[in-house]
Amino acid sequence: MPFRRIAVGAAIAVLSAMAAPAQAAPTDSPYIPPPGRITVDVVGVNGSGCPQGTAEVAAASDNTAFTVTYSNYLAQTGAGSGGTEFRKNCQLALRIHVPQGFTYAIARADYRGFAHLQRGAYAQERANYYFQGSAQTARTTHQFNGPFTDNWQASDQTDYADLVWAPCGEERNLNVNTELRVYAGTSSPQTLNFMSMDSTDGSVSTVYHFEWRECPAA
């Protein structure tokens, strides 16, 4: 798949404001966003939750985060849903270009969407991310139990000591994996249950927050 350079939009500032406030960095963390401008190239898209052209990525103008916006990410069960509709996933390979002399890690990820779950049904959001050639981070799971009909949000926070940093002086893909699952549980198999991580108007996005540090002098 050819590289797609994603432009930075003014709406990203609004999305960053919507995100939960970041926790204060510990004293051993400089947390200095680098000057200049970072860019994000989407070099690979795969999965039933993000068909071609339904996932967009953009970097925040202040270099604190990047966002992923989906437009067709919906898992559902019951009411005639297909046998594979209960599970949807998306795998994104991203090439993040950062100013020379800096490296980054993902300190927090905020996931959002909407769910409709009958009593007895439940849904799960799962995610992990890792750098190309490195071991995968642990997959986190957030569960939502019915009855539930509302917007949902889940966040994964990594302690500074446990952050996985991009190798200095190298360009490696950041692989971002997400998954939605919906189970009827004890609810009627004829009733519809669903969970989405999509947004038809671009107002709901997944936000990945950076932690920065300077690379050692050569």
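This passage describes the strand pairing, salt bridges, disulfides and aromatic contacts of a predicted model.

A good place to begin is strand 11, which spans residues 174–183. This strand is mostly covered, with nine of its ten residues buried. Two partners can be followed along it. Strand 6, residues 87–97, runs antiparallel to strand 11 and is joined to it by eight bridges. Within this pairing, Ala 93 stands opposite Asn 175 of strand 11. Strand 8, residues 122–131, also pairs with strand 11 in the antiparallel sense, here over ten bridges. On that side, Tyr 122 is found opposite Tyr 183 of strand 11.

Charged side chains add further links between strand 6 and the region around strand 11. The structure holds seven salt bridges, and one of them connects Arg 87 with Glu 179, whose closest N and O atoms are 2.5 Å apart. Because Arg 87 belongs to strand 6 and Glu 179 to strand 11, the pair ties together parts that are 92 residues apart in sequence. The two partners differ in their surroundings: Glu 179 is buried, since its relative accessible area is 5%, whereas Arg 87 is partly exposed at 31%. This contact belongs to a wider arrangement, as Arg 87, Arg 139, Glu 179 and Arg 181 are linked in a network of salt bridges.

A second salt bridge joins Glu 171 to Arg 95, with the closest N and O atoms 3.5 Å apart. This pair, too, brings distant parts of the chain together: Glu 171 sits in the loop between strand 10 and strand 11, Arg 95 in strand 6, and the two are 76 residues apart. Arg 95 counts as buried because its relative accessibility is 17%, while Glu 171, with a relative accessible area of 47%, is partly exposed. A third salt bridge is formed by Glu 170 and Arg 172, whose closest N and O atoms are 2.9 Å apart. In this pair, Glu 170 has a relative accessibility of 43% and so counts as partly exposed; Arg 172, at 27%, is likewise partly exposed.

The covalent cross-links come next. The count comes to two disulfides. Cys 50 and Cys 90 form one of them, their sulfur atoms lying 2.1 Å apart. The torsion about their S-S bond is about 100°, so this disulfide is right-handed. The link spans distant parts of the chain, with Cys 50 in the loop between strand 2 (39–46) and strand 3 (55–59) and Cys 90 in strand 6, 40 residues apart. Both of these cysteines are buried.

The other disulfide joins Cys 168 to Cys 215, with an S to S distance of 2.1 Å. Its torsion about the S-S bond is -95°, and the link is left-handed. Cys 168 lies in the loop between strand 10 (148–157) and strand 11, and Cys 215 in the segment after strand 13 (206–214), so this bond ties together parts that are 47 residues apart in sequence. Cys 168 is partly exposed, its relative accessible area being 36%. When the bonded cysteines of the protein chain are numbered in sequence order, the pairing reads 1-2, 3-4.

Aromatic contacts are also well represented in the model, which holds 15 aromatic pairs. Among them, Phe 144 and Phe 148 form a tilted pair, 6.0 Å centre to centre and with 50° between the planes. Phe 144 counts as buried because its relative accessibility is 14%, whereas Phe 148 is partly exposed at 22%. Elsewhere, one aromatic cluster is made up of Phe 66, Tyr 104, Tyr 111, Tyr 129, Phe 131, Tyr 208, Phe 210 and Trp 212. A charge also meets a ring: Arg 213 lies over the face of Trp 165, at 4.2 Å from the ring centre.

Finally, one loop residue deserves a short look. Ala 135 is located in the loop between strand 8 and strand 9 (140–145). With a relative accessibility of 68%, Ala 135 is above the 50% cut-off and therefore counts as exposed. The C-alpha atom of Ala 135 is separated by 9.7 Å from that of Val 164, a residue 29 positions away along the chain.

Technical notes: Residues are numbered from 1 along each chain as its sequence is written. This is a predicted model: local features need pLDDT of at least 70, side-chain atom pairs count only at pLDDT 80 or more; totals for chains, interfaces and linings use all residues. Side-chain values use heavy atoms; hydrogens and water are left out. Helices (H or I, at least four residues) and strands (E, at least two) are DSSP runs, numbered from the N terminus. Buried means under 20% relative accessible area, exposed over 50%, partly exposed in between (1.4 Å probe, protein chains only). Rings of Phe, Tyr and Trp (its six-membered ring) pair if their centres lie within 6.5 Å; planes under 30 degrees apart count as stacked, over 60 as edge-to-face and the rest as tilted. A charge sits over a ring if NZ of Lys or CZ of Arg is within 6 Å of the ring centre and within 35 degrees of the ring normal. A disulfide is a pair of cysteine sulfur atoms within 2.5 Å. Two strands pair if DSSP finds at least two bridges between them. A salt bridge is a side-chain nitrogen of Lys or Arg within 4 Å of a carboxyl oxygen of Asp or Glu.
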